[in-house]
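Welcome! Let's take a short tour of a protein chain, starting with the overall layout and then moving to one helix.

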Amino acid sequence: MMVPETNMLPCNGEMENGFCKEDLSDIEENQEELDQSSHSNIGKPPRNTTGMRHCISQATLAGASPLESPTQILPLKSSSSDDSGYVPIFRSGSYSEIGPKPNMEDEHICINDLCKHIGSSKGLLSPGAFYGVFDGHGGIDAASFTQKNLLSFIVEDTHFPSMVKRAIRNAFVKADNALADTQSLDNTSGTTALTALILGR
């Protein structure tokens with residue numbers, strides 16, 4: 001029987017390093033096929049390289065036993081009362097790679113404890129986190145400026161934290177205008193921003 005919402009079957013055999021032993025041989029065979037096919041992809045970007053790490057983030061229950069599985073699935077809907085005892089703890093990791101460009105033009109931000117970062121004066125009553133990737137082009141100035149200022153523009157907006165969507169929208173417009181008005185930055189640089197603001201559960 002498959003677990004709902006997944007494509008994985010439960011392991012009926014022995015476990016080794018968190019993997020079902022039955023599946024390890026399939027993984028090893030797939031890796032051999034990838035190694036053989038990589039020789040025919042000369043000049044193409046690397047796929048499935050082991051050196052690239054991906055950003056990871058997880059929420060866990062505060063005070064959870066270390067023996068509990070970190071991949072435990074929690075319900076998306078909260079209970080009718082706020083006394084459920086669930087307190088999210090956010091953890092993240094990041095890795096960046098320059099790619100084919102001569103200089104790194106990208107920035108990122110990982111804030112796992114938003115309350116601690118911005119202080120208690122902003123009225124946050126629950127845990128939160130903020131993550132962002134700023135893909136720079138034409139230089140690093142726009143990506144660096146946005147990485148350093150966007151969160152401040154969000155939390156300083158008069159609509160934060162009661163109307164978060166409006167505060168975020170206003171912050172992006174303010175960042176765009178401030179970037180255009182700043183004379184000390186290279187006006188040929190730009191950035192694409194992808195952010196996640198997590199408040200409460």
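## A first look at the chain

The chain contains four helices and seven strands. Keep in mind that this is a predicted model. Following the chain from the N terminus, you meet its elements in the order β-β-α-β-β-β-α-β-α-α-β.

**The chain as a whole**

- The chain has 201 residues, and 20% of them count as buried.
- Look at the contacts between residues with a separation of 6 or more: 68% of them join residues that are 24 or more positions apart.
- About 14,800 Å² of the chain is exposed, and carbon and sulfur atoms supply 53% of that area.

**Helix α4: its length**

- Helix α4 covers residues 164–181, which makes 18 residues.
- From its first C-alpha to its last, α4 reaches 25 Å, close to the 26 Å expected at 1.5 Å a residue.

**Helix α4: its two faces**

- Which residues of α4 are buried? They are Ala167, Ala171, Ala175 and Leu179.
- These buried residues lie on the same side of α4, because they cover an arc of only 100° around the axis.
- Part of the cover over the buried residues of α4 comes from α3 (141–156).
- Now turn to the face of α4 that points away from its buried side: here you find the exposed residues Lys165, Arg169, Asp176, Ala180 and Asp181.
- To recap, Ala171 is one of the buried residues of α4, whereas Arg169 is among the exposed residues on the face turned away from the buried side.

Definitions and conventions. Residues are numbered from 1 along each chain as its sequence is written. This is a predicted model: local features need pLDDT of at least 70, side-chain atom pairs count only at pLDDT 80 or more; totals for chains, interfaces and linings use all residues. Side-chain values use heavy atoms; hydrogens and water are left out. Helices (H or I, at least four residues) and strands (E, at least two) are DSSP runs, numbered from the N terminus. The expected span of a helix is 1.5 Å times one less than its number of residues. Buried means under 20% relative accessible area, exposed over 50%, partly exposed in between (1.4 Å probe, protein chains only). The arc is that of the directions from the helix axis to the C-beta atoms. Contact means heavy atoms within 4.5 Å. Accessible areas come from the Shrake-Rupley method with a 1.4 Å probe; for residues, only the protein chains shown count as cover.
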